[in-house]
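Dear colleague,

I am handing over the structure we spoke about, and below it I set out what was found. Please read the notes with the coordinates open beside them.

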Amino acid sequence: IKNNAIFVYLLIFLIFSRSFYESVMIRNIAFFIFVNLLVLSDVVAQEQEHTNNRFFNNFVFRYDYLEGRIVKVYPSQPETGKTSYHNFNFLWQADGSKAWQADFGYPEYGVNLILGNHGNDSIMGHSVGLFPNMLLKIRNEKMWGFYFKLGSGFAWFFKPYDRIKNPGNIIIGSHLVNVTYLGFNAFVKLGSHFDIHGGYSLIHYSSGHVSIPNVGSNDFPWNIGVAYKPVKTRIDKRRWVDTSSKPIMFNIRVGLGFHEMSGTVNPNGGPVYPIYAIAPYLSKRFGRAGNLHLGLYILYYAGYYDFIKSEEHFLGKERVNSYVISALFGREWLISHLSLLVEPAINFYNPFFQKIYIDDNPDANTTWKVKRWIGLRAGFMYYTLDKAKYPKLNPAIGLFIKTNRDQADYVEMSVSCGL
């Protein structure tokens, strides 16, 4: 009873702060979540009395209030005031029952619900997002310490750009967008069931150039929060012996992406074109938690081809000049069936970009030249089997965002397999 009373007082203080009344919708949603979490905390505590179920024993709930301001990166983007966010994070503490948990320092992992007020109700409106996330801890079992928070998923904006109804919102071009979250926090434990924490975060929203305009929202809010854990987790710190093979693997990945053939803001409302991708590459696993990749990344842009044909560029060689060929260098972090992949690339064959955006562009500067040469893919892959145990013939599906330097190019879905 005492623990639940403390839980109630802390959440009331954080959730029903003055800033929370800025939005009736957010207040009502949060209150609904709040009440249900009280019920859930009692269920989890009672469950511990009758079972050693790992699902209930390792549950952690974290609430955070965040406040910041959207960074202005484009001259004509709308003015925004103070932004505020509410994070409801449903997590499980790794207990050492899997080898990957030891590799990542026994993190917390789960699903985060984020409610956002973006500083301009009439143009930006509000959003709700959901993303898987992981907390990587420093001084995990001490009374104080630090953690990094990493997550990526999807968000729904209620007032995106609309040529007639909302032409001022050039930051968010569609209802459904990607949300990426990075954070660093310090924490202090208050007994065995609670901690308070605070720090700074990066929250990025973008449609990945699938729809235009796509300036994207970049916010660096501060945050303060509380964590509640009904049952203390017993972490098994056994020494896992890695006996799996680590051959040099040949892999093949095929993908399909989509984007609007346009600039960041204009023209908009045009067709969405496909991009076809194939990537033959070699991979080598080092340790239990990581792969290194080296190979080629071959792209065919249908939008480039249509533009070349309509503007009569590269006569007789339209198709071959619609390709981009890159050398890729990747780092993959393995988490059982799941992996996080970051894959920089050097575009050694990029004739369309070279001609249209540099040779024929009198305003081309160093930024454009860097975009012509440097690309990046980042995202997640899900393997049929545990990738560390089964490196060969283990098909995977992937979801990525591709950029030219730091500008979104397209969103890609892929299928891959090591042979």
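A cavity, as the word is used here, is a set of grid points where a 1.4 Å probe fits but cannot get out, and a residue counts as lining when it has an atom within 4 Å of such a point. Please keep in mind that the model is a predicted one.

With that in place, the search of the whole structure finds six cavities of 30 Å³ or more, and the largest of these has a volume of about 60 Å³. Its lining is made up of S245, K246, P247, M249, S283, K284, R285, N291, K387 and P391, which by class amounts to three nonpolar, three polar and four charged residues. Strand β11 (residues 272–286) gives the largest share of that lining, namely three residues.

As for open space, the second largest pocket holds about 430 Å³. Its lining comprises 22 residues, and those closest to the centre of the pocket are N140, K189, S192, K229 and K232. The elements that contribute two or more residues to this lining are β1 (59–68), β6 (176–190), β7 (194–206) and β9 (222–228). Sorted by class, the lining of the second largest pocket has seven nonpolar, six polar and nine charged residues.

Turning to the fold as a whole, the protein has seven helices and 17 strands, and 50% of its 419 residues count as buried. Among contacts with a separation of 6 or more, 64% are between residues 24 or more positions apart.

One helix pair deserves a separate paragraph. How do the axes of helix α6 (residues 351–359) and helix α7 (residues 366–373) cross? They come within 10 Å and cross at roughly 175°, and since angles over 145 degrees count as roughly antiparallel, α6 and α7 are therefore roughly antiparallel to each other. The contact is made by F353, Q354, Y357 and I358 on the α6 side and by W368, K369, K371 and R372 on the α7 side, and by class it has four nonpolar, one polar and three charged residues.

Within α6, the residues P351, F352, F353, I356 and I358 are buried, so that F353 and I358 appear both among the buried residues and in the contact with α7. The buried residues of α6 pack against α7 and also against α5 (302–311), β13 (323–335), β14 (338–349) and β16 (396–404).

With best regards

Note on methods
Residues are numbered from 1 along each chain as its sequence is written. This is a predicted model: local features need pLDDT of at least 70, side-chain atom pairs count only at pLDDT 80 or more; totals for chains, interfaces and linings use all residues. Side-chain values use heavy atoms; hydrogens and water are left out. Axes are lines fitted to C-alpha atoms, for helices over the stretch in contact, and angles run from 0 to 180 degrees between N-to-C directions. Helices (H or I, at least four residues) and strands (E, at least two) are DSSP runs, numbered from the N terminus. Angles under 35 degrees count as roughly parallel, over 145 as roughly antiparallel, 65 to 115 as roughly perpendicular and the rest as oblique. Contact means heavy atoms within 4.5 Å. Ala, Val, Leu, Ile, Met, Phe, Trp, Tyr, Cys and Pro count as nonpolar, Asp, Glu, Lys and Arg as charged, and the others, Gly among them, as polar. On a 1 Å grid over the protein atoms alone, a cavity is a set of points where a 1.4 Å probe fits but cannot get out, and a pocket is an open set with protein on both sides within 12 Å along at least five of seven lines; lining residues have an atom within 4 Å of a point. Grid points are joined across faces, edges and corners, and a volume is the space filled by probe spheres set on the points. Buried means under 20% relative accessible area, exposed over 50%, partly exposed in between (1.4 Å probe, protein chains only).
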